[in-house]
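I open a fresh page to record what I looked up in this structure, one topic at a time.

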Amino acid sequence: MSEINRAVKGTNDILPADSYKWQFVEGKMIETARMFGYEEIRVPVFEHTEVFKRSVGDTTDVVQKEMYTFDDKGGRSITLRPELTAGVVRSAIEKGLVNSALPQKVCYIGGCYRYEKPQAGRLREFHQFGVECMGAPSPNADAEVIMLAKQVLDSVGIEKISLEINSIGCPECRKNYQAALKKYFSDNIDTLCGTCKERLDRNPMRILDCKSPVCSDLAKDAPVVIDYLCDDCEAHFEGVKSHLDAAGVEYTVNPHIVRGLDYYTRTVFEFVSGDIGAQSTVCGGGRYDGLIAQMGGPSVPSLGFGMGIERLMLVLQAQNTELPMVQKCDLYIATMGDAAALKATELCYNLRNDGFKVQTDIVGRGLKAQMKFADKIGAAYTMVLGDSEIEAATAKLKNMQTGEEIAIGLNNLSDELFAALNKASLDALIEVLD
Ligand code: ATP
Ligand code: MG
């Protein structure tokens, strides 16, 4: 196959047969976020490269290895967003959100781009749902954001997923920790991968997140940051746990979570599934108290998370969760002859204006083939239109599920169809209840 009919490695098409799943899931995400007071923000797919270098961090895998960076024709260095927090924060500072009433609560859905080795649950173009809560320093904000993620997962029918939390402290308490880490890894420097050897001096915590087997093996016995928290960070973490306890949200404290992006402080968390293999983190997030100031804005303690939608879909698939399909076609109007085709055009136009999903033949098929097609697209009702139906201004509406036919007036089609669809769904409901 040549390049013109082959998708770029690590990208996916969402085909019409599956898009209803994405629409359902994305709808639940926005709807759930709104219950917590979050409104959608849309930011560009690309930003100045510096936006990501500054926020995600120079020593992270994302910045060091994974970004799609290029010079545009004006000579600017541009990067396709590897995540959305950086762009959202850039926007919140530039457009003054962080100077207005706090907290500012925003959510987003969008594509992310990372040059990674494609495998199950790891793509080069993937999609994230996420939220940012800007200007909320209290531990109950952390609990609220975590609960939002949990409720999104619940709302789409995810059943088995565990919440793991940790605190990675503030820059103050991290000083002692970094020193302890440096000592631990320096004693084992020969075992580290090349990238981590370089990280040792500048940012030893990054080694804890390295995917290379030797480094992650070594990381298992490294000192954990939770043992080095200052009193304030300790109290904050206790607060987060009490608020989660108050809501009855289950979690485990995993002292090994550090997250792959540099901007995190204090609380970090992940939702992990046992059903989807190695790429098991469906959602990751945490607090980033210093980020907005670091990006040139006011000092506004904030937090958020990013949820990988493809990984979420893999969990749903692994758990055999059926997502609700929408009725694609309320009525298919089959036609015989030119006059009927003209009449169908008129009826379809009016019915669609009234909010019905209707189709008619636009291929030039014979009646039998039209009915076959109506069946194939799952039309709830069909109606055959010929010269005699037009003359009598009545036609037969056929329920494709039951085969039942009723005569209806063409001049009153909207009301008749409305009544028929309602009756059909009521009958279906009664059958379920029986
Ligand atoms: P991982 O450790 O799996 O590489 P990460 O720490 O790089 O994840 P984040 O930057 O925190 O991930 O992104 C948040 C979420 O986005 C992840 O938990 C995951 O669900 C999803 N995600 C990240 N990278 C990819 C990818 N390449 N393909 C698909 N989903 C991804
Ligand atoms: Mg990663």
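The entries below go through the ligand, two helices, a buried charge and some backbone angles.

**Entry 1: the ligand.** I am working from a predicted model, and I began with the surroundings of ligand 1. I counted 16 residues around ligand 1, and the closest of them are Arg114, Glu116, Arg122, Leu123 and Arg259. Looking next at polar atoms, I noted an oxygen atom of ligand 1 at 2.8 Å from an N or O atom in the side chain of arginine 122. For lysine 211, an N or O atom of the side chain is 3.0 Å from an oxygen atom of ligand 1, and for arginine 311 I read 3.0 Å between a polar side-chain atom and a ligand oxygen. Of the 590 Å² of accessible area that ligand 1 has on its own, the protein covers 93%. I then asked which elements give two or more residues to the shell around ligand 1. They are β6 (125-134), β10 (281-287) and β11 (302-308), and β10 gives the most, with four residues.

**Entry 2: helix α11.** Arginine 311 led me to α11, which spans residues 309-318 and has seven of its 10 residues buried. I listed the buried ones as Ile309, Glu310, Arg311, Leu312, Met313, Val315 and Leu316, so that arginine 311, with its polar atom 3.0 Å from a ligand oxygen, is among the residues of α11 that count as buried under the 20% limit, which takes only protein chains as cover. The cover over the buried residues of α11 includes α1 (19-35), β5 (104-113), β6, α5 (139-155), β10 and β11.

**Entry 3: helix α4.** I turned to α4 (85-94) and found it largely enclosed by the rest of the structure, because nine of its 10 residues are buried. The buried residues are Thr85, Ala86, Gly87, Val88, Val89, Arg90, Ser91, Ala92 and Ile93. Among the elements that cover them I wrote down β2 (46-48), α2 (49-56), β5, β6 and α10 (291-294). Glycine 96 follows α4 and has a positive phi, near 80 degrees.

**Entry 4: a buried charge.** What is the nearest side chain of opposite charge to glutamate 66, and how far away is it? I found arginine 114 at 4.3 Å, and glutamate 66, although buried, has no salt bridge; the distance is outside the cut-off, because a salt bridge needs the nitrogen and the carboxyl oxygen within 4 Å. Glutamate 66 is in helix α3 (residues 61-66), and apart from its neighbours within four places in sequence its contacts are Asp61, Tyr113, Arg114, Tyr115 and Glu116. Arginine 114 and Glu116 were also listed among the closest residues to ligand 1.

**Entry 5: backbone angles.** I kept in mind that most residues other than glycine have a negative phi, and that most peptide bonds are trans. Arginine 266, which is not a glycine, has a positive phi of about 50 degrees; this residue lies in strand β9 (residues 265-272) and is buried, with a relative accessible area of 16%. Asparagine 320, also not a glycine, has a positive phi of about 55 degrees, but lies in the loop between α11 and β12 (331-335) and is exposed, with a relative accessible area of 66%. Last, I noted that the peptide bond from leucine 102 to proline 103 is cis, with omega near 0 degrees, and that proline 103 is in the loop between α4 and β5.

Methods: Residues are numbered from 1 along each chain as its sequence is written. Chains are lettered from A and ligands numbered from 1 in the order in which they are written. This is a predicted model: local features need pLDDT of at least 70, side-chain atom pairs count only at pLDDT 80 or more; totals for chains, interfaces and linings use all residues. Side-chain values use heavy atoms; hydrogens and water are left out. Buried means under 20% relative accessible area, exposed over 50%, partly exposed in between (1.4 Å probe, protein chains only). Lys and Arg count as positive and Asp and Glu as negative; His and the chain ends are not counted. Contact means heavy atoms within 4.5 Å. A residue is near a molecule or strand if one of its heavy atoms lies within 4 Å of it. A polar contact is a pair of N or O atoms within 3.5 Å; within protein, one must be able to donate a hydrogen and the other to accept it, and residues adjacent in sequence count only if both atoms are side-chain atoms. Accessible areas come from the Shrake-Rupley method with a 1.4 Å probe; for residues, only the protein chains shown count as cover.
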